[in-house]
Amino acid sequence: MPAIMPHVAIDSARLHYEEAGAGPAVLFVHGWAASCGFFRGAMDRLAPSRRCITVCWKGMGDSEKPDAAYSIEDYVGELGQVADRFGLERFVLVGHSMGGMVSAAFAARHPERVQGLVLVSAPLRGPTALSWRARLLLVPVLNFLIWLIAHLRWVRRIAARDFTYATRLDDWVLDDVMKASFTSLTRSVRSMSATDLTDRLAAIRAPTLVVSSDHDRIVRADQFALARERIAGAEALHLTPVGHCPMMEAPDRFQAALAAFVARAQGAPVAAASPAALPAGALPPPAAATAPATARSAVPPGVAPAA
């Protein structure tokens with residue numbers, strides 16, 4: 001009998017999750033059309049001394065896909081529910097792309113819970129954040145045609161060039177993208193483009209690291225300047241030559257900066273990484289439908305581990 005995927009139940013859906021390590025908590029928040037796998041390499045880097053958790057958001061990856069609003073504000077509330085289900089009181093938040101917008105909004109709303117905030121390629125002023133390529137997904141009928149033809153792997157490989165610059169995404173990553181429902185993709189990108197966090201950013205009190213790149217074809221560069229201007233004491237990490245997914249395209253540099261930041265934010269050193277078994281830029285493949293084999297905390301109510 002195949003293993004049951006681990007899940008956590010929130011009010012609106014059952015969410016697939018991955019967890020690794022033990023220690024102070026770091027919660028990873030993936031972006032639009034993504035999945036748990038996007039942060040798997042970073043989680044492996046921190047797991048020797050951190051409890052690392054990520055979920056596939058509602059409507060995406062291996063999580064449930066109900067008929068819902070899929071708004072940024074809904075995701076912010078659901079992020080809090082996920083933290084509660086795992087018994088996390090304070091933690092570092094690492095958010096990529098739309099997940100960065102959700103993480104920034106959460107940090108502004110709940111400053112007492114966020115020890116540190118890492119914003120990776122994050123749109124913050126939605127109406128001006130997205131490139132013209134990304135805004136094509138806002139056009140009715142055209143967005144449906146894009147979604148339909150993206151089911152062809154060769155089309156996904158071409159489209160993926162907008163998301164990376166230095167490294168081609170592995171096919172399993174592109175396949176994960178296509179697990180998202182059309183409803184979740186279109187409603188969430190519409191909400192993202194309408195959400196403006198400009199006036200909320202000053203409420204962020206946590207130490208913040210803003211990660212940007214020189215070849216991001218999805219999020220405009222002025223978003224990163226906005227974060228540094230509005231968030232007190234924000235640090236900047238600019239990676240080159242890199243596209244929209246720095247954690248995949250420059251994993252060594254990204255993970256080194258992330259480990260150093262997490263250590264400062266939580267006041268505890270991050271253990272050295274185990275010797276790398278993969279070439280630079282490669283991602284570990286998805287686990288065979290089981291929970292990670294690294295040390296884990298006791299499972300709190302509402303969270304179902306793998307069988």
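The exercises below, each with a worked solution, concern a predicted model of a single protein chain.

**Exercise 1. Overall composition**

Determine how many helices and strands the chain holds, and what share of its residues counts as buried.

Solution.
1. The secondary structure comprises 12 helices and 9 strands.
2. The chain has 307 residues, and 55% of them count as buried.
3. The exposed surface of the chain is about 12500 Å², of which carbon and sulfur atoms supply 59%.
4. Among contacts with a separation of 6 or more, 79% are made by residues 24 or more positions apart.

**Exercise 2. The cysteine pair**

Establish why Cys36 and Cys56 are not joined by a disulfide.

Solution.
1. A disulfide is a covalent bond between the sulfur atoms of two cysteines.
2. The cut-off applied here is a pair of cysteine sulfur atoms within 2.5 Å.
3. For Cys36, the closest cysteine sulfur belongs to Cys56 and lies 3.1 Å away, which is too far for a bond.
4. The search from the other side gives the matching result: the closest cysteine sulfur to that of Cys56 is in Cys36, at 3.1 Å.
5. The count for the structure is accordingly 0 disulfides.
6. As to their surroundings, Cys36 is buried at 1% relative accessibility, and Cys56 is buried at 2%.

**Exercise 3. Helix 2 and the residues that flank it**

Describe the loop residues Tyr70 and Ser71, then state what span helix 2 has and which elements its buried residues pack against.

Solution.
1. Tyr70 is located in the loop between strand 4 and helix 2. Its relative accessible area is 0%, so Tyr70 is buried.
2. The phi of Tyr70 is near 55 degrees, a positive value in a residue other than glycine. Most residues other than glycine have a negative phi.
3. Ser71 occupies that loop too, between strand 4 (51-55) and helix 2 (72-85). With a relative accessibility of 17%, Ser71 falls under the 20% limit and therefore counts as buried.
4. A polar atom of the Ser71 side chain lies 3.0 Å from the backbone nitrogen of Asp74.
5. Helix 2 itself has 14 residues and spans 20 Å from its first C-alpha to its last, close to the 20 Å expected at 1.5 Å a residue.
6. Its buried residues include Ile72, Tyr75, Val76, Leu79 and Val82. Glu78 and Gln81 are also among the buried residues of the helix.
7. The buried residues of helix 2 pack against strand 2 (14-20), strand 3 (25-29), strand 4, strand 5 (91-96), helix 3 (98-109) and helix 9 (182-194).
8. Just after the helix, Gly87 takes a positive phi of about 70 degrees.

**Exercise 4. Helix 10 and Ala234**

Identify which residues of helix 10 are buried and how they are arranged about its axis, then place Ala234.

Solution.
1. In helix 10 (residues 222-230), the buried residues are Gln223, Phe224, Leu226 and Ala227.
2. Viewed down the helix axis, these buried residues fall within an arc of 155 degrees, so they line one face of helix 10.
3. Their packing partners are helix 4 (126-129) and strand 7 (208-213).
4. Ala234 is in the loop between helix 10 and strand 8 (235-239).
5. Setting aside residues up to four places away in sequence, Ala234 touches Ala227, Arg228, Thr208 and Val210.
6. Ala234 and Leu209 are 25 residues apart in sequence, while their C-alpha atoms are 5.8 Å apart in space.

**Exercise 5. Further backbone geometry**

State what conformation the peptide bond from Thr240 to Pro241 has, and what phi Ser97 takes.

Solution.
1. Most peptide bonds are trans.
2. The bond from Thr240 to Pro241 is cis, with omega near -20 degrees.
3. Pro241 belongs to the loop between strand 8 and helix 11 (246-249).
4. Ser97 has a positive phi of about 55 degrees although it is not a glycine.
5. Ser97 lies in the loop between strand 5 and helix 3, and it is buried, with a relative accessible area of 8%.

**Exercise 6. A residue of helix 12**

Decide whether Gln255 is buried or exposed, and list which residues it is in contact with.

Solution.
1. Gln255 is part of helix 12 (residues 251-266).
2. Its relative accessible area is 15%; Gln255 is therefore buried.
3. Apart from neighbours within four places in sequence, Gln255 is in contact with Gly41, Ala42 and Arg45.

How values were computed: Residues are numbered from 1 along each chain as its sequence is written. This is a predicted model: local features need pLDDT of at least 70, side-chain atom pairs count only at pLDDT 80 or more; totals for chains, interfaces and linings use all residues. Side-chain values use heavy atoms; hydrogens and water are left out. Helices (H or I, at least four residues) and strands (E, at least two) are DSSP runs, numbered from the N terminus. Buried means under 20% relative accessible area, exposed over 50%, partly exposed in between (1.4 Å probe, protein chains only). A polar contact is a pair of N or O atoms within 3.5 Å; within protein, one must be able to donate a hydrogen and the other to accept it, and residues adjacent in sequence count only if both atoms are side-chain atoms. The arc is that of the directions from the helix axis to the C-beta atoms. Contact means heavy atoms within 4.5 Å. The expected span of a helix is 1.5 Å times one less than its number of residues. Accessible areas come from the Shrake-Rupley method with a 1.4 Å probe; for residues, only the protein chains shown count as cover.
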